[in-house]
Amino acid sequence: MGTPGATLDLRDRVRDVPDFPKPGIVFKDLMPLVADPAYFRETIGRLEAIARPLEPDIILGAEARGFIFGGALADRLGCGFVPARKPGKLPWATVEATYELEYGTDSLQVHSDALGQGSRVIVHDDVLATGGTAAAKCELVQRLGGEVVGVLFLIELTFLHGRDKLAGYDVHSLIAY
């Protein structure tokens with residue numbers, strides 16, 4: 001799915017970094033895409049085309065790349081942005097979810113008052129891999145009384161079957177590998 005008239009191939013600005021963060025992992029580096037104003041604008045435009053019809057109140061994104069794209073998307077949509085952070089990074093009362101990664105486990109926290117009851121939330125992240133991070137963010141939204149109206153990624157690594165952990169959600173990605 002893309003923006004009408006889109007001509008840029010976003011894959012042109014995604015760099016593969018082998019053996020990062022550990023041997024056997026091929027990291028999808030989006031920093032060349034962020035650094036190129038035309039590609040970054042195109043990316044946010046494509047995300048907006050998917051997100052706008054979902055009428056979100058909030059974009060929830062995890063550090064760090066989820067902040068970059070999620071914040072820009074929230075601004076474009078005129079809605080709020082809620083950061084999901086690693087434990088110990090938020091200064092207020094938090095709720096936490098722990099999840100499995102393709103290379104270990106981790107946790108995310110959001111402020112306990114980050115969402116109003118019934119808030120329409122798009123859960124956003126840069127990459128859908130095993131689905132653990134996104135599922136944890138969806139859990140946090142639901143625990144705070146929000147409604148997940150969509151789950152939105154730039155990249156989906158289809159061979160890791162992350163969508164399986166997101167069954168029942170409206171899941172979108174711009175690029176599939």
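A residue is called buried when its relative accessible area is under 20%. This definition will be needed at several points in the account of this structure, which is a predicted model.

The chain as a whole comes first. The protein chain contains 4 helices and 9 strands. Followed along the sequence, these elements occur in the pattern β-β-α-α-β-α-β-β-β-β-α-β-β. The C-alpha trace spans about 40 × 40 × 30 Å along its principal axes. For a chain of 177 residues, a compact globule would have a radius of gyration near 16 Å, and the value for the protein chain, 15 Å, agrees with this. Of the 177 residues, 47% are buried. Among contacts between residues with a separation of 6 or more, 58% join residues that are 24 or more positions apart in the protein chain.

The next subject is the sheet. Strands of a sheet pair through backbone hydrogen bonds, and the pairing may be parallel or antiparallel. Here, 5 strands form an open sheet with parallel pairing, in the order β4-β3-β7-β8-β9. Strands β4 (80-84) and β9 (171-176) stand at the edges and have a single partner strand each, so one side of each is left without a neighbour in the sheet. From one strand to the next, the twist averages 20°.

Two helices pack on this sheet. Helix α3, residues 65-77, touches β3 (58-62), β4, β7 (120-128) and β8, and the direction of helix α3 makes about 170° with that of β3. Helix α4, residues 132-143, also packs on the sheet and touches β3, β4, β7 and β8. The direction of helix α4 makes about 165° with that of β7.

Strand β9 can be followed in greater detail. Strand β8, residues 147-156, pairs with β9 in the parallel sense over 5 bridges. Valine 151 has valine 171 in β9 as its bridge partner, and isoleucine 155 has isoleucine 175 in β9 as its bridge partner. Although β9 stands at an edge of the sheet, 5 of its 6 residues are buried, so the strand is largely enclosed by the rest of the structure.

Attention now turns to a single residue, aspartate 29, which lies in strand β2 (residues 26-29). Is aspartate 29 buried or exposed? Its relative accessible area is 12%, and aspartate 29 therefore counts as buried. A polar atom of the aspartate 29 side chain lies 3.0 Å from the backbone nitrogen of methionine 31. When residues up to four places away in sequence are not counted, aspartate 29 touches Arg13, Val14, Arg15 and Val17.

The last topic is the cysteines. How many disulfides does a search of the whole structure find? The search finds 0 disulfides. A disulfide requires two cysteine sulfur atoms within 2.5 Å. For cysteine 79, the closest cysteine sulfur is that of cysteine 138, at 16 Å, which is too far for a bond. The sulfur of cysteine 138 likewise has that of cysteine 79 as the closest cysteine sulfur, at 16 Å. Cysteine 79 has a relative accessibility of 17% and so counts as buried. Cysteine 138 has a relative accessibility of 0%, and by the definition given at the start it is therefore buried as well.

How values were computed: Residues numbered from 1 in each chain as written. Predicted model: local features only at pLDDT ≥ 70, side-chain atom pairs only at ≥ 80, totals over all residues. Heavy atoms only, no water. Pairing = 2+ DSSP bridges. Axes fitted to C-alpha atoms, helices over the stretch in contact; angles between N-to-C directions. Contact = heavy atoms within 4.5 Å. Buried < 20%, exposed > 50% of the residue type's maximum accessible area, 1.4 Å probe, protein only. Polar contact = N/O pair within 3.5 Å; in protein donor to acceptor, adjacent residues only side chain to side chain. Rg over C-alpha atoms; globule rule 2.2 N^0.38 Å.
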